[in-house]
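This briefing describes the strand pairing, the nonpolar cores and the pocket of one protein structure. Please read it alongside the sequence and coordinates.

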Amino acid sequence: FLVARFNADGSLDTTFGSAGTVATDFNGHNDFVWEIATYGNNQILVAGAPQLTAADSYFGLARYLGDGAPTVADLSVAMGSVLSQDHFGNRFITYTMKLADNGPNPAYYVTLKDRLPLETTFQSLTLPAGWVVYSKPAVGQWGTVSFSKTQFGPQSANVTLVVKVLPNVSHVGVTNRATFTSTSTADSDTANNTATTQTTVP
């Protein structure tokens with residue numbers, strides 16, 4: 001694969017690779033590029049068919065980070081909970097989550113996943129603008145909540161998740177666990193990527 005990066009005026013970006021180009025040779029034979037896409041901060045994905053032998057071609061994927069691309073961020077999640085009851089006797093737990101990228105760089109393709117407690121069903125989810133919901137149960141059903149953002153931080157965001165406690169649940173601690181990670185940016189402290197809280201249901 002031969003990749004070149006250009007400036008807005010059409011000139012070769014000589015800060016990229018070797019004088020503006022990068023060559024990737026998979027196994028010394030002919031390699032063919034099918035698709036190219038950019039993401040994050042000037043990072044490049046190239047897909048194609050490298051020949052691993054003189055007669056056989058396979059699928060190949062190469063990623064080019066690019067000079068100046070962020071190398072590390074620090075994602076974290078904190079969670080609190082409040083138990084409430086309506087006038088019909090239905091009980092709800094409201095989880096407030098604070099998602100943060102503590103820097104020093106933005107994080108790309110971040111995702112929060114929360115597998116609801118078995119003692120609950122989904123009620124509602126409130127997100128800031130710009131987040132995409134990948135999965136959530138229907139109201140009254142159990143399952144996993146998952147939502148993502150292409151670029152996040154350094155900043156923080158608040159999310160509210162409400163679940164309904166099953167009628168036969170009592171005298172237990174309901175435990176919820178959420179994980180906030182990036183599939184693209186390295187994390188300098190993975191110890192704060194998970195938050196767990198226990199809510200006492202009388």
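**Pocket, sheets and cores**

The largest pocket holds about 150 Å³ of space. The model is predicted. Two open antiparallel sheets, one of 4 strands and one of 5 strands, are described below, together with the largest nonpolar core of 29 residues.

**Largest pocket**

- The lining of the largest pocket consists of K113, D114, R115, L116, P117, L118, E119, T144, T175, R177, A178 and T179.
- At least two lining residues come from each of β9 and β14.
- The greatest contribution to this lining is made by β14, with 4 residues.

**Five-stranded sheet**

- In this open sheet the strands follow the order β11-β12-β9-β14-β16, and their pairing is antiparallel.
- Its edges are formed by β11 (132–135) and β16, each of which pairs on one side only.
- From one strand to the next, the twist averages 20°.
- Strands β9 and β14 run antiparallel and are joined by 5 bridges.
- V110 has S182 in β14 as its bridge partner.

**Four-stranded sheet**

- Here the order of the open sheet is β7-β8-β13-β10, again with antiparallel pairing.
- The edge positions belong to β7 (75–85) and β10 (120–126), which each pair on one side only.
- The average twist between one strand and the next is 25°.
- Antiparallel strands β7 and β8 are connected by 11 bridges, and G80 has T96 in β8 as its bridge partner.
- The same two strands, β7 and β8, make a hairpin with 5 residues between them, and G89 in the turn has a positive phi of about 90°.
- Strand β13 (residues 156–165) pairs with β10 in the antiparallel sense over 6 bridges.
- L125 is matched with L161 of β13 as its bridge partner.

**Pairing around β4**

- Of the 8 residues in strand β4 (residues 43–50), 7 are buried, so the strand is mostly covered, where buried means under 20% relative accessible area.
- Strand β3 (residues 31–39) pairs with β4 in the antiparallel sense over 8 bridges, and Y39 lies opposite Q43 of β4.
- Strand β5 (residues 60–64) is joined to β4 by 5 bridges, and the two run antiparallel.
- Within β5, Y64 is the residue opposite I44.

**Nonpolar cores**

- Nonpolar side chains tend to be buried together in soluble globular proteins.
- Which members of the largest nonpolar core touch the most other members? They are M97, L99, L161 and F180, out of 29 residues.
- Each of β7, β8 (91–101), β9 (107–115), β10, β12 (144–152), β13, β14 (172–182) and β16 (194–201) supplies at least two residues of this core.
- Strand β13 gives the most to the core, with 5 residues.
- Leaving aside residues up to four places away in sequence, L99 touches S76, V77, L112, W131, F147, F152, Q155, S156, A157, V159 and F180.
- A second core, separate from the largest, has 7 residues, among them F1, V3, I44 and A62.

**Residues and strands with more than one role**

- L161 is the bridge partner of L125 and is also among the residues that touch the most other members of the largest core.
- I44 stands opposite Y64 in β5 and is included in the second core.
- Strand β14 gives the most to the pocket lining, supplies at least two residues of the largest core and pairs with β9 over 5 bridges.

Definitions and conventions
Residues are numbered from 1 along each chain as its sequence is written. This is a predicted model: local features need pLDDT of at least 70, side-chain atom pairs count only at pLDDT 80 or more; totals for chains, interfaces and linings use all residues. Side-chain values use heavy atoms; hydrogens and water are left out. Two strands pair if DSSP finds at least two bridges between them. Axes are lines fitted to C-alpha atoms, for helices over the stretch in contact, and angles run from 0 to 180 degrees between N-to-C directions. A nonpolar core is a set of buried Ala, Val, Leu, Ile, Met, Phe, Trp, Tyr and Cys residues joined through side-chain atoms within 4.5 Å. Buried means under 20% relative accessible area, exposed over 50%, partly exposed in between (1.4 Å probe, protein chains only). Contact means heavy atoms within 4.5 Å. On a 1 Å grid over the protein atoms alone, a cavity is a set of points where a 1.4 Å probe fits but cannot get out, and a pocket is an open set with protein on both sides within 12 Å along at least five of seven lines; lining residues have an atom within 4 Å of a point. Grid points are joined across faces, edges and corners, and a volume is the space filled by probe spheres set on the points.
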